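Dear colleague,

I am handing over the structure we spoke about, so that you can look through it at your own pace. Please open it first and keep it beside you while you read the rest of this message.

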Amino acid sequence: MLLRRRSSAVVHLVLLGVLTLQPLGFARPAQAAERISLSDAIQRSVQASADINSMKLVQLQQADFDLAQAYQTLRNQDEKDNSNKAKEHSMSRDIDLGLKVPQAMLNKKKLQHQLDDKIRQTQVQTEQAYMTAYQMQVAADNADAALKKAQKKADDLVAKQRFGYATADDVQAAQALVEQAKTNLQTAQLSFKSSRLALGQLLGRDLDGDYRFDLPRVYADLTQDTMWRMYESAKKSDYDLFQDTEAANLAQTKANIIRSLYQSKFGSDATALLAAMYQSPNAPDYNSFLSKYDELIASLKNRWKGKALVLALSFPFLKIVDKVELQGEYQDDRYFEDLSSSLPMALLDLDKAKLKQADTQNKLAGKVKSLYLTAKQAEADYLLALQTEATAKNSVESASGKLKFGQLTQDDVDKLQAAYEQAQTATLSSYVAYKSALSNFNLEAGGALPYISGVPKAAGETGTEAFKPEPPAPKSLGVWRIEAVASGMTSSFKLQLADGSQATHFALRFKNGGQPIGAKTPVNSSITHLDLVFQDPSLLQLVLYNGDKQIAVADLSGYAPSGDLTLSTDS
């Protein structure tokens, strides 16, 4: 009888072993989950953005129309000025005409810049939502695994209780853990669903279903050299600096237009002082300039002081009148109307615009440094989390071996396994914070930060080092100028290179695609082409040659009819 009981107990223990060691089987879904990659999500969010589509399809087209209309206005005015019924117009009218195209061009540039900004912001916003969804997915998966583990432990205790190897209190405690795990799973699944729906809003899709996400690990080489390169890129992409830079360019264009109007209206002799002012525009002597400028205005008024003899239709056929009665509506000083100080004010406005541009650029440098340091701190936290996770993993692997030889209990191993899982969760959180910091840094840099697949190695620079001095800004290579050849049809492109330039020839090309505009030309000559080609100089690039050797590539800043040549990053 005792032998039978023992045999029965052995059989039950064998069955118990089968129950405890056999993995639980779960039915596979009839249809595999749809996987959405991060790159696909970012691409879809840009395509689905109503704001981006509105900018592309409506606002930019309107800006193109306004620019074409500005050119048409100039052509219409040119026809009127060359007709038999041409009328003189005031300086304010001439300035308004001169600024029509630059202003329309600036409006288009602003829209394009806002569009580029919106695309980058949408990409970062989508990435943040995607990483949140991925975190919630991992949390839901972990909660599901925890429930399975708790259920398995409860089932094992129920089986053991039948044979007296577990108490009712043990079973009750295990079943309570199962209920808690079910609640945790439900909470995690709801959070995962909410994060999917939030991501779906950005993608223009309903993600209320079985969707899975993957988060590949990337890193960036965060050094001070990288930081300064990102600063150079940020100077082109930062909207505040863009606005101030273009305001300075427009102020320079306005000053050039007014100076040109003075010279064409009053002659080079009367405006010799103005030419001298432009030879040293960085340090003008305003007191001397204003004194001489007042003399110029006075001389224009003095031309119409006194008396003059005029022919009359009746005897005595000569009549003495005040000269001022013969002055045309917009002749000499009347040309200014209420803009007699237009040139001095234009130069002062230009200086103020340049000072504001320099101040904004300094603030941008501080912002880039701050974002760099934030990214370095996140990098340090991420590296520490990776090290902690690796240590926890080694502890689990070591404990598994000790368990076989009875050196540790299963509870000991379970605690180490739980610590390892917590370390994995902490690493994921650290990576998301690190990638968010990189994305914010990259956003300010206009998307120029290069990423590398994998995990970062030990940082060569900690970020605590003193900042290296800012590299010198790209130097100006000279000035470009566009002059009309056949009004409304063709124009010529000319250069005035900086002193000491080694260039003998130049060529023009479009930035996008590199399509050439005309042939390689001597620097003292010009390239003549359709006005349409020159209507937006910022879309063009200049290539300088010494003989057949390319020595530099320059970007064109400013507005027609002239602007600066700045060394391009493509050089």
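Below is what was found in the structure, beginning with its core and moving on to its aromatic rings.

Please keep in mind that this is a predicted model. Its largest nonpolar core holds 56 residues, and those touching the most other members are Leu-199, Phe-213, Leu-215, Leu-222, Tyr-434 and Phe-441. Several elements give two or more residues to this core, among them helix 5 (168-203), helix 10 (342-404) and helix 11 (410-444), while helix 4 gives the most, with 11 residues. At least three residues come from each of domain 1 (38-81 + 89-208) and domain 2 (229-363). A second, separate core of 22 residues includes Tyr-71, Leu-99, Val-101 and Leu-261.

Across the whole structure, a search finds 12 aromatic pairs. One of them joins Tyr-372 and Phe-441, whose rings are tilted at 55 degrees with their centres 6.4 Å apart; because Tyr-372 lies in helix 10 and Phe-441 in helix 11, this pair ties together parts that are 69 residues apart in sequence. Both Tyr-372 and Phe-441 are buried. The pair of Tyr-382 and Tyr-434 is stacked, because the ring planes lie at 25 degrees, which is under the 30 degrees that stacking requires. Tyr-382, at 1% relative accessibility, is buried, and so is Tyr-434, at 0%.

Finally, two charged residues are worth finding on your screen: the charged end of Arg-196 sits over the ring of Phe-192, 4.6 Å from its centre, and Lys-369 lies over the face of Phe-467, at 5.0 Å from the ring centre.

With best wishes

Definitions and conventions
Residues numbered from 1 in each chain as written. Predicted model: local features only at pLDDT ≥ 70, side-chain atom pairs only at ≥ 80, totals over all residues. Heavy atoms only, no water. Core = buried A, V, L, I, M, F, W, Y, C linked by side-chain atoms within 4.5 Å. Buried < 20%, exposed > 50% of the residue type's maximum accessible area, 1.4 Å probe, protein only. Helix = DSSP H or I, 4+ residues; strand = E, 2+ residues; numbered from the N terminus. Domains from an automatic or database assignment. Phe/Tyr/Trp six-rings, centres within 6.5 Å; stacked < 30°, edge-to-face > 60°. Lys NZ or Arg CZ within 6 Å of the ring centre and 35° of its normal.
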